[in-house]
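This report walks through a protein chain, from its strands to its core, its charged pairs and one of its helices. Keep the sequence and the structure in view while reading.

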Amino acid sequence: MIAPMPFSTLSLSTHGPLAVIHLNRPDQGNPVDEALLDDLDAASVVIADDPSVSVVQLTAEGTLFSRGWSGPPPASGRLPFRSLERLPQPVLACVSGDAVGAGLELALACDLRIATAAAHFTMPLPAADAAWLGAQRLPRLIGRGRAAEMLLLGGPISAATARAWGLVNAIAADRVDLADLAGRLTQTIASRSPLALRYAKEAIAQGLEMPLEQALRYETDLTVILQTTADRAEGVRAFMEKRPPHFTGR
């Protein structure tokens with residue numbers, strides 16, 4: 001269980017196996033700045049160390065998900081959102097409004113993204129957003145040509161286009177439907193073995209940086225480790241007994 005912590009740019013709460021990071025500066029458009037990066041780093045440490053958390057949801061208050069970077073550029077050598085990206089638990093971004101520049105980059109650092117139908121996504125060039133790092137994460141997700149279109153032309157794309165391009169995984173009609181969809185997705189994820197979820201995320205993240213043969217061997221090693229766990233044995237028993245499994249993360 002995550003104890004309440006003082007954050008200036010977000011709130012962090014837990015609901016059973018779900019941890020919720022909520023951006024809470026809607027009057028400013030939920031900007032990305034050094035204060036938010038500090039809070040995200042601190043929140044990520046707390047979440048990563050909590051064995052009861054198996055899935056994380058990132059949400060934002062207000063009509064904008066995030067208007068992008070605000071203030072001077074990040075400190076030299078700092079990699080924004082890397083702590084969130086490297087969480088062992090799957091992270092779902094709920095984009096209920098426009099995501100611009102570093103705000104889109106924040107969503108890209110998550111594993112899954114869902115959005116309202118009215119949301120738009122924009123990745124401006126560096127002169128317009130000091131925390132621009134989209135030239136790395138964006139093409140890894142949607143391909144070189146589509147990433148170049150967003151970066152070089154600079155205009156927004158709709159949620160429907162983002163869905164067609166694979167930038168978002170699903171679209172909801174409005175904020176209420178988005179919350180319902182997020183609830184269903186996080187419940188589905190949380191019903192699975194926490195160890196299997198972590199190994200699957202690790203296999204994807206590490207495997208993308210490896211040659212295919214090495215990545216296949218790496219995934220095989222993770223699978224062998226998983227076969228020795230109590231959760232795997234519980235999954236087999238639950239299947240044989242025709243009941244829902246009760247995973248413990250061991």
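Leu23 stands opposite Ala60, a residue of strand 3. The model shown here is a predicted one. Strand 2 covers residues 18–23, and it runs parallel to strand 3, with six bridges joining the two. Between these strands comes helix 1 (residues 34–48), and strand 2, helix 1 and strand 3 together make a right-handed β-α-β unit.

Strand 3 also pairs with strand 5 (residues 91–95), again in the parallel sense, over three bridges. Here Val56 has Val91 of strand 5 as its bridge partner.

How many of the six residues of strand 3 are buried? Six of the six are, so strand 3 (residues 55–60) is largely enclosed by the rest of the structure. In a regular strand, side chains alternate between the two faces of the sheet. In strand 3, Val55, Gln57 and Thr59 are on one side and Val56, Leu58 and Ala60 on the other. Both of these faces are covered, since a residue counts as buried when its relative accessible area is under 20%, and each of the named residues is buried.

**The nonpolar cores**

In soluble globular proteins, nonpolar side chains tend to be buried together. The largest nonpolar core in this model has 47 residues. Which of them touch the most other members? They are Ile21, Phe121, Leu138, Met150 and Leu167. Apart from this core lies another, of eight residues, including Ile114, Ala170, Leu178 and Ala182.

Ile21 can be followed further. With residues up to four places away in sequence left out, Ile21 touches Leu10, Ser11, Leu12, Leu40, Ile47, Val56, Gln57, Leu58, Thr59 and Leu84.

**Salt bridges**

A search of the whole structure finds ten salt bridges. Three of the pairs are set out in the table, with the N to O distance and the relative accessible area of each partner.

| Pair | N to O distance | Accessible area, acidic partner | Accessible area, basic partner |
|---|---|---|---|
| Glu85 and Arg137 | 2.9 Å | Glu85, 23% | Arg137, 13% |
| Asp111 and Lys201 | 2.9 Å | Asp111, 32% | Lys201, 12% |
| Glu209 and Arg140 | 3.9 Å | Glu209, 56% | Arg140, 57% |

Glu85 and Arg137 form a salt bridge. The pair links distant parts of the chain: Glu85 belongs to helix 2 (residues 82–85) and Arg137 to helix 4 (residues 134–142), 52 residues apart. Glu85 is partly exposed, whereas Arg137 is buried.

Asp111 and Lys201 also meet through their side chains in a salt bridge. Asp111 lies in the loop between helix 3 (102–108) and strand 7 (112–116), and Lys201 lies in helix 8 (residues 194–207), 90 residues apart. Asp111 is partly exposed, while Lys201 counts as buried.

For Glu209 and Arg140, the side chains meet at 3.9 Å. Glu209 is in the loop between helix 8 and helix 9 (212–227) and Arg140 is in helix 4, so this salt bridge ties together parts that are 69 residues apart in sequence. Are these partners buried or exposed? Glu209 counts as exposed, and Arg140 counts as exposed.

Salt bridges also form a network, which links Glu34, Asp38, Asp41 and Arg78.

**Helix 4 and its surroundings**

Two of the residues in the table, Arg137 and Arg140, are in helix 4. The buried residues of this helix include Gly134, Arg137, Leu138 and Ile142. They cover an arc of only 100° around the axis, which puts them on the same side of helix 4. An α-helix has 3.6 residues a turn, so residues three or four places apart point the same way.

What do the buried residues of helix 4 pack against? They pack against helix 2, helix 3, helix 5 (144–153) and helix 6 (159–165). Helix 4 is followed by Gly143, which has a positive phi near 95°.

Another glycine, Gly155, is in the loop between helix 5 and strand 9 (157–158). Gly155 is partly exposed, at a relative accessible area of 31%. Its C-alpha atom is separated by 7.6 Å from that of Pro124, a residue 31 places away along the chain. Beyond its neighbours within four places in sequence, Gly155 is in contact with Phe121, Thr122 and Met150. Of these, Phe121 and Met150 are also among the residues named above for the largest nonpolar core.

Definitions and conventions:
Residues numbered from 1 in each chain as written. Predicted model: local features only at pLDDT ≥ 70, side-chain atom pairs only at ≥ 80, totals over all residues. Heavy atoms only, no water. Core = buried A, V, L, I, M, F, W, Y, C linked by side-chain atoms within 4.5 Å. Buried < 20%, exposed > 50% of the residue type's maximum accessible area, 1.4 Å probe, protein only. Contact = heavy atoms within 4.5 Å. Helix = DSSP H or I, 4+ residues; strand = E, 2+ residues; numbered from the N terminus. Pairing = 2+ DSSP bridges. Right-handed = clockwise from strand over helix to strand, strands pointing away. Salt bridge = Lys/Arg side-chain N within 4 Å of Asp/Glu carboxyl O. Arc of directions from axis to C-beta.
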